[in-house]
Structures are given as C-alpha cells and as structure tokens.
Amino acid sequence: MLDRLRQFITDVVSPTGTGQAGFADDDYRLAATALLIHVISLDGEPSAAEKRKLHALLEYRFNLDPGTADVLVRDAMRVEGEAVDLYHFTSVIMRSVNEEGRLRIVEMMWELVYADGHVSEFEENVIWRAADLLGVSTRERVNLRQQVQDGALDSDAVN
C-alpha cells in the first residue's frame, strides 16, 4: 500500500515522467539485471515463474523494495535491448563487484534458468560466456549449477 501511495504522489508531482528515477548506466545492479533478463529471454518470452524468481532475487540479493525492483527491471530491459554483447555488462560488474559477488551473480543466473524447470543449450552457453567474462572458473560455474540444480530438485520434491 505504501508503494502505491508513493507511486501516486510521484505521478501527481511528475505526471509525464516515468515515475521513479532510474538506475545509472554504471550501476552494477543494472548490469547484473540486464544479464539476468538476457538469460531468461533466450528461449522466448520469460515465463511467469521466471519473472517471479527474477523479482524475488533482485529484492533479496540487492535489498530492494518491490517498487525499486520494478524500476530496475524496466531500466535493465531497456539497456539489454540496446546491447550488442555481454562485455558491456560484465565489464561494469568486474569494476564494481568482488569475486564473491560475481559468484552470486552467476548463481542467480542458474537460479533463473532453473525457475521454469528447463535449461536450454542457449541459456547454458550464455552463462558459460558471462561467467568466463566475470572471472568465474569453470569449476566454480559447474559447482554453482549443481548446487542450484540440487536445490531446485529438492524444492520440487517438497511441492
């Protein structure tokens, strides 16, 4: 309710604006979210499960409220659509995020591709390329995949 009130006030003050200020192009969260959106868009329109998982990851990992997560997704969709390669995003992340944070970003990618229960060869390939550009070793990437896959299987058994 509070988010709706804030949005209403923003719309009244700036009715022709986009609502909330966006994220700077050099913000690692924008670059990471653009990578995540790229990964879940490879096999077509992202599923409802992938979209829910994306928002949950952004809110949890980046400590964002739902409204700010929406703005981040909006901005990331814009920059992802304009991008010609992964390097722009990974270079921003490399300048701003330590090794542990880069591992978490790769882990987030795996979590998203497993959200719909199917990992395509295109998704796997993009994660491999992004992880390589992020300085994440093959061993670490495979270990993260296995951890996420085991967690996805465990949660399927519970449901």
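Which helices each supply at least two residues of the lining of the second largest pocket? In this predicted model, the answer is helix H2 (28-41), helix H3 (48-61) and helix H4 (66-82).

**The pocket**

Let's start with the pocket itself. The second largest pocket comes in at about 210 Å³. Its lining is made up of Ile-37, Ile-40, Ser-41, Glu-45, Pro-46, Lys-51, Leu-54, His-55, Asp-70, Val-73 and Met-77. Sort that lining by class and you get 6 nonpolar, 2 polar and 3 charged residues.

Two of the lining residues, Glu-45 and Lys-51, also pair up with each other: their side chains form a salt bridge, with 3.4 Å from N to O. Glu-45 is exposed, at 63% relative accessible area, while Lys-51 is partly exposed, at 40%.

**Salt bridges**

Zooming out, the whole structure holds 10 salt bridges. Here are three of them, with the N to O distance for each pair.

| Pair | N to O distance |
|---|---|
| Glu-45 and Lys-51 | 3.4 Å |
| Glu-111 and Lys-53 | 3.5 Å |
| Glu-82 and Arg-78 | 3.9 Å |

Take the pair Glu-111 and Lys-53, whose side chains meet in a salt bridge. Glu-111 sits in helix H6 (residues 99-115) and Lys-53 in helix H3, so this contact ties together parts of the chain that are 58 residues apart in sequence. What about accessibility? Glu-111 counts as buried, because its relative accessibility of 16% falls under the 20% cut-off. Lys-53, on the other hand, is partly exposed at 30%.

Glu-82 and Arg-78 are a more local affair: how many residues apart are they in helix H4? They are 4 apart, so about one helical turn separates them. With a relative accessible area of 56%, Glu-82 is exposed, and Arg-78 is partly exposed at 38%.

There is also a network to look at. Lys-53, Arg-61, Arg-104, Glu-107 and Glu-111 are joined into one network by salt bridges that share partners. Among its members are Lys-53 and Glu-111, the pair that links helix H3 with helix H6.

**Pulling it together**

Helix H3 turns up in both parts of this story. Along with helix H2 and helix H4, helix H3 supplies at least two residues of the pocket lining, and helix H3 also carries Lys-53, the partner of Glu-111 from helix H6. Helix H4 likewise has two roles here, as a contributor to the lining and as the home of the pair Glu-82 and Arg-78.

Terms used
Residues are numbered from 1 along each chain as its sequence is written. This is a predicted model: local features need pLDDT of at least 70, side-chain atom pairs count only at pLDDT 80 or more; totals for chains, interfaces and linings use all residues. Side-chain values use heavy atoms; hydrogens and water are left out. On a 1 Å grid over the protein atoms alone, a cavity is a set of points where a 1.4 Å probe fits but cannot get out, and a pocket is an open set with protein on both sides within 12 Å along at least five of seven lines; lining residues have an atom within 4 Å of a point. Grid points are joined across faces, edges and corners, and a volume is the space filled by probe spheres set on the points. Ala, Val, Leu, Ile, Met, Phe, Trp, Tyr, Cys and Pro count as nonpolar, Asp, Glu, Lys and Arg as charged, and the others, Gly among them, as polar. A salt bridge is a side-chain nitrogen of Lys or Arg within 4 Å of a carboxyl oxygen of Asp or Glu. Buried means under 20% relative accessible area, exposed over 50%, partly exposed in between (1.4 Å probe, protein chains only).
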